Amino acid sequence: MPERADDGSDIPASSATAATHHADPADSEQSSAMLAAVLASLDDDKAEDIVSIDLQGKTPMADHLVVASGRSQRHVSAVADHLVRKLKEAGFGRADVEGLNQADWVLIDAGDVVVHIFRPEVREFYKLEKMWAADIPPDAQHH
């Protein structure tokens, strides 16, 4: 059964989820802390062209999308492996990881933060951040 707005009208399920995603301020703080841990790990491991996109209000799937590049398959793999380990050690739980064996494009779904680590030519081909950040001026979110 759909949720009801204050005026009695139906709220689509996706809107209801997005609206209640951060009802608790502690959730928002944890999301911000997770983003900070992700960005620090990527920076420590010399990931390149790190872009953080705020997804709050755009989708209920995550609060932040982070896109970064590694110099080679080995570098992408090492950056991803270290990030997953650091998130677990920091108490954020176990992230779901896809693509680690190939290491052309590794997806790390940590819940509130989704991270994509690419080899540069694969990133250029997919242009993932442009799809999500069409309204963000170039270089506005680079770290």
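Me: How do β4 and β7 pair, parallel or antiparallel?
Reply: β4 and β7 run in the parallel sense, joined over six bridges. Strands here are DSSP runs of E with at least two residues, numbered from the N terminus, and two strands pair if DSSP finds at least two bridges between them. One spot to look at is V66, which stands opposite V115 in β7.

Me: Anything I should know about the model itself?
Reply: This is a predicted model, where local features need pLDDT of at least 70 and side-chain atom pairs count only at pLDDT 80 or more, while totals for chains, interfaces and linings use all residues. Residues are numbered from 1 along each chain as its sequence is written, and side-chain values use heavy atoms, leaving out hydrogens and water.

Me: Cool. What's the strand order in the open sheet?
Reply: The five strands go β3-β4-β7-β6-β5, with mixed pairing.

Me: And which strands stand at the edges?
Reply: β3 (48–54) and β5 (96–98) do; each has a single partner strand, so one side of each is left without a neighbour in the sheet.

Me: Back to β7. How many of its residues are buried?
Reply: Six of its six residues are buried, meaning under 20% relative accessible area (1.4 Å probe, protein chains only). V113, V115 and I117 point one way from β7, and V114, H116 and F118 the other way.

Me: What about β6 and β7, how do they pair?
Reply: β6 and β7 are antiparallel, over five bridges. In their hairpin, with three residues between the strands, G111 takes a positive phi near 95°.

Key: Helices (H or I, at least four residues) and strands (E, at least two) are DSSP runs, numbered from the N terminus. Buried means under 20% relative accessible area, exposed over 50%, partly exposed in between (1.4 Å probe, protein chains only).
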